[in-house]
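These are my notebook entries on a structure that I looked up. I kept them in the order in which I worked.

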Amino acid sequence: MPPRPASLHRVDDAAILRVPAGHELVVSTDAGITWTEHIIPNSGTQSQGSDPSVAIGADNTVYFFYVKGNEDGSEGHMHVQISSDHGANWSKDSDLGASHGVVNAVFPEAVAGDGARAACGVIS
């Protein structure tokens with residue numbers, strides 16, 4: 001059994017997604033008997049720490065929101081990556097704050113609704 005989850009999400013009848021402290025998802029398709037870890041590419045980490053947030057849409061699309069710091073640690077931008085196959089493959093990393101001038105964000109909290117719709121709140 002994997003370590004204790006930061007959050008646990010029921011996706012559909014076939015899978016449960018689990019978000020450990022790092023930037024990966026752990027997926028079970030057999031009610032938790034076995035687990036498969038999926039590292040989220042290019043997701044990086046924030047040196048001061050900011051837990052990621054996951055939202056799952058009605059169509060089982062997984063949205064992974066996280067804060068990614070720059071090299072010198074002076075900024076932490078809000079990013080998102082999207083998966084439509086329970087975390088096996090991910091979209092290109094998207095910087096959500098850059099176009100709006102948000103250079104520091106913390107404590108992301110994500111929510112998803114119908115297919116292709118998700119939102120994330122942060123403190124900036």
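**Entry 1: Phe107 and its strand.** I began with Phe107, which I found in strand β9. I note that the model is a predicted one. The phi of Phe107 is positive, at about 55°, although this residue is not a glycine. I recorded this value on the following ground: most residues other than glycine have a negative phi. Is Phe107 buried or exposed? I found Phe107 exposed, because its relative accessible area is 60% and the class of exposed residues begins over 50%.

**Entry 2: the surface around Phe107.** I next looked up Val106, which also has its place in strand β9, a strand that covers residues 106-112. Val106 has a relative accessible area of 30% and is therefore partly exposed. Which residues form a nonpolar patch on the surface? I noted Val106, Phe107 and Ile123, with about 300 Å² of accessible area together.

**Entry 3: the partner of β9.** I then followed β9 to strand β10, which is made of residues 118-123. The two strands run antiparallel and are joined by 5 bridges. For one facing pair, I wrote down Ala110, which stands opposite Cys120 in β10. β9 and β10 form a hairpin with 5 residues between the strands, and in this hairpin Ala116 takes a positive phi near 65°.

**Entry 4: an open sheet.** I turned to a sheet of 4 strands, which is open and has the order β5-β6-β7-β8 with antiparallel pairing. Which strands stand at the edges? They are β5 (53-56) and β8 (94-95); each has a single partner strand, so one side of each is left without a neighbour in the sheet. As a reminder to myself, strands of a sheet pair through backbone hydrogen bonds.

**Entry 5: β5 and β6.** I examined the pairing of β5 with strand β6 (residues 62-69), which is antiparallel and extends over 4 bridges. Here Ile56 stands opposite Val62 in β6. In the loop between β5 and β6 I located Asn60. Asn60 has a phi near 70°, which is again a positive value in a residue other than glycine.

**Entry 6: His23.** I closed with His23, in the loop between β2 (16-19) and β3 (24-28). Is His23 buried or exposed? I entered His23 as buried, because its relative accessible area is 9% and buried means under 20%. How far apart are His23 and His38 in space? They are 9.0 Å apart, C-alpha to C-alpha, and 15 residues apart in sequence.

Notes
Residues are numbered from 1 along each chain as its sequence is written. This is a predicted model: local features need pLDDT of at least 70, side-chain atom pairs count only at pLDDT 80 or more; totals for chains, interfaces and linings use all residues. Side-chain values use heavy atoms; hydrogens and water are left out. Patches are made of residues with over 30% relative accessible area and no salt bridge: like charges are joined within 9 Å, nonpolar side chains (Val, Leu, Ile, Met, Phe, Trp, Tyr) within 5 Å. Accessible areas come from the Shrake-Rupley method with a 1.4 Å probe; for residues, only the protein chains shown count as cover. A salt bridge is a side-chain nitrogen of Lys or Arg within 4 Å of a carboxyl oxygen of Asp or Glu. Buried means under 20% relative accessible area, exposed over 50%, partly exposed in between (1.4 Å probe, protein chains only). Two strands pair if DSSP finds at least two bridges between them.
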